[in-house]
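Work through these exercises with the structure open beside you. Try each task before you read its solution.

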Amino acid sequence: MKRILHLLALGVAGLATAAGAPLSLQQALSEGLKGNLDIQRSELGSEGIDAQINAAFRSYMPQLTASGSVTRLWANEVNPMAELGAALGPLMGRPYEAPKPINWNVAGELKLTQHLYVPQVLTGIAMAKKGKEIDAIGKMELKEGIVYGVSMQYWTIVYMEENLDVLQKSMDNLSKAREAIAAMVGQGIAKKSDLNTMDINLASLSTQIDNLKVQIQTQKDALLQIMGRTPGEQIELTSRLNIEARNSGDINGDPLQSSVTLKRMEQMVKLQEMSIDLTRQKIYPNVVAFASYGTQASREKFDFFNKPQDKFADNGTVGIAVSVPIFDGFSNSAECTNARIQKRQLELDMEKQRLALQATYKSAKSTLANARILVARNKENAKLAEENYFMKELEYKEQVAPITDLLTADNNMQTARSNVVNALYTEKTAELALEQVLGILRQRTE
């Protein structure tokens, strides 16, 4: 009994695998955000910005440096006065010892500096913080783009699958009609050419179905790749573009207030303003406090450690250094001009973005309203086309209408059903465009 149950379980699992694992839109979005390589790269970029901020802060902390040198002096000439003193010394009853030449010098220094007023360092810290804000906004923008891309890919596959359903329904209807025609040909009621014509149409329809299935699998592989899965996996999308699942509410808002792209560009302008200040501050005075301690010794021979009784000469300093740029050849003025031009370019890009957002919003609103009208209209047309097809099918069986009328009616019914699907897909894409421009898609990333 257990063996039978085990075999049944394997059979059910096999059927589920053949049908494909169910995949909802929310699951596709979740996996797409987790597995996207651009998101992972963005995380690394955030860590780099944190490191830049730390580096900027630490540059304003006390700086301690140590230095040392060992110098060997060559070709030291003997002092003529020293030679004269050595010669006259015994004659004058004074022993005179000439100074020994200095051949070696050893020096060491420990220096502590502290920035008191260095405007460029302070502005650099502020710019690093602003860069982190821009990075956070850019990450939101990236996630929003991924959500939009995954959603569009998902609904495009659904759109293609529903068109496949339309073709399959047409195939089922024509297959039933063919059986009836074959029986009528056997009874001598219908012509053999009618059966041939039906077979040709069925073969053409079968080719369309096969081609569409290949296209659907290609699109599914692209979706799997975005999600971080292996292409070729069998999946079954659970959402549908049906009349009942439509969003009947209006999507309204202010695209200029909700656009994350516009917010990022606004912060970029502020960052450029800081860059202008940074360039201007190059002519400001810098004030630095310092303290140093050093020691040095000079010898004829390198025996500094053999004669501890000869001490090194120590020295120490404490003070404040002020540096004021006086003339830089007008290079600072040129840099400021270039920075202002870059700021103006960013402002023009912002204005272009505002116009694009408004145009996208209005276009999507118009497209959405028109698509909803088309959905209702095409739904009625599809109902009429179905009634006309069944009427032509009955007329053909009664030998009142030719086979061409039946095939034309089927084509019209197929077109009407496809028009409903097309209108629903257009409505869905317009909704996505509105949700993106109004920032609604960002809520799905939280």
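**Exercise 1.** Why does Arg280 count as partly exposed? Then find its salt-bridge partner and place both residues.

Solution.
- Step 1. Note that this is a predicted model.
- Step 2. Look up the accessibility. Arg280 has a relative accessibility of 29%.
- Step 3. Apply the cut-offs. Buried means under 20%, exposed means over 50%, and partly exposed is in between. Arg280 therefore counts as partly exposed, at 29%.
- Step 4. Find the partner. Arg280 forms a salt bridge with Asp277, and the closest N and O atoms are 2.8 Å apart.
- Step 5. Place the pair. Both Arg280 and Asp277 sit in helix α8, residues 260-280. They are 3 residues apart, about one turn of the helix.
- Step 6. Check the partner. Asp277 is partly exposed, with a relative accessible area of 33%.

**Exercise 2.** Which parts of the chain does the salt bridge between Lys282 and Glu335 link?

Solution.
- Step 1. Recall the principle. Side chains of opposite charge can pair when their charged atoms come close.
- Step 2. Read the distance. In the salt bridge of Lys282 with Glu335, the closest N and O atoms are 2.8 Å apart.
- Step 3. Locate the ends. Lys282 is in the loop between α8 and β5 (286-299), while Glu335 is in helix α9. The pair links distant parts of the chain, 53 residues apart.
- Step 4. Classify each end. Lys282 is partly exposed at 39% relative accessibility. Glu335 is partly exposed too, with a relative accessible area of 33%.

**Exercise 3.** Is Glu161 buried or exposed? Follow its salt bridge, then its pocket.

Solution.
- Step 1. Classify Glu161. Its relative accessible area is 11%, so Glu161 is buried.
- Step 2. Find the partner. Glu161 forms a salt bridge with Arg240, with the closest N and O atoms 2.6 Å apart.
- Step 3. Locate both. Glu161 is in helix α5, and Arg240 is in the loop between β4 (235-237) and α7 (255-258). These are distant parts of the chain, 79 residues apart.
- Step 4. Classify Arg240. At 26% relative accessibility, Arg240 counts as partly exposed.
- Step 5. Turn to the pocket. Glu161 and Arg240 are among the residues that line the second largest pocket. Lys213, Ile216 and Gln217 are also among them.
- Step 6. Describe the pocket. The second largest pocket holds about 220 Å³ of space. Its lining has 2 nonpolar, 2 polar and 5 charged residues. Helices α5 and α6 (192-227) each supply at least two of them.

**Exercise 4.** How much space lies in the largest pocket? Describe its lining.

Solution.
- Step 1. Start with the principle. Rolling a probe the size of a water molecule over the atoms shows where empty space is left.
- Step 2. Read the volume. The largest pocket has about 340 Å³ of space.
- Step 3. Name the central residues. The lining has 16 residues, and those closest to the pocket's centre are Val166, Lys169, Arg417, Val420 and Val421.
- Step 4. Sort by class. The lining divides into 7 nonpolar, 1 polar and 8 charged residues.
- Step 5. Trace the sources. At least two lining residues come from each of α5 (119-186), α9 (331-397) and α10 (403-437).

**Exercise 5.** Which residues form the nonpolar patch on the surface?

Solution.
- Step 1. List them. The patch consists of Leu116, Tyr117, Ile283, Tyr284, Ile320, Val322 and Val324.
- Step 2. Give the area. Together they have about 640 Å² of accessible area.
- Step 3. Trace the strands. β3 (104-117) and β6 (313-323) each supply at least two residues of the patch.
- Step 4. Take one member. Tyr117 lies in strand β3. It counts as partly exposed, at 38% relative accessibility.

**Exercise 6.** What is the phi of Gln399? Place this residue.

Solution.
- Step 1. Recall the usual case. Most residues other than glycine have a negative phi.
- Step 2. Read the angle. Gln399 is not a glycine, yet it has a positive phi of about 60 degrees.
- Step 3. Place the residue. Gln399 is in the loop between α9 and α10.
- Step 4. Classify Gln399. It is partly exposed, with a relative accessible area of 42%.

Note on methods
Residues are numbered from 1 along each chain as its sequence is written. This is a predicted model: local features need pLDDT of at least 70, side-chain atom pairs count only at pLDDT 80 or more; totals for chains, interfaces and linings use all residues. Side-chain values use heavy atoms; hydrogens and water are left out. Patches are made of residues with over 30% relative accessible area and no salt bridge: like charges are joined within 9 Å, nonpolar side chains (Val, Leu, Ile, Met, Phe, Trp, Tyr) within 5 Å. Accessible areas come from the Shrake-Rupley method with a 1.4 Å probe; for residues, only the protein chains shown count as cover. A salt bridge is a side-chain nitrogen of Lys or Arg within 4 Å of a carboxyl oxygen of Asp or Glu. Helices (H or I, at least four residues) and strands (E, at least two) are DSSP runs, numbered from the N terminus. Buried means under 20% relative accessible area, exposed over 50%, partly exposed in between (1.4 Å probe, protein chains only). On a 1 Å grid over the protein atoms alone, a cavity is a set of points where a 1.4 Å probe fits but cannot get out, and a pocket is an open set with protein on both sides within 12 Å along at least five of seven lines; lining residues have an atom within 4 Å of a point. Grid points are joined across faces, edges and corners, and a volume is the space filled by probe spheres set on the points. Ala, Val, Leu, Ile, Met, Phe, Trp, Tyr, Cys and Pro count as nonpolar, Asp, Glu, Lys and Arg as charged, and the others, Gly among them, as polar.
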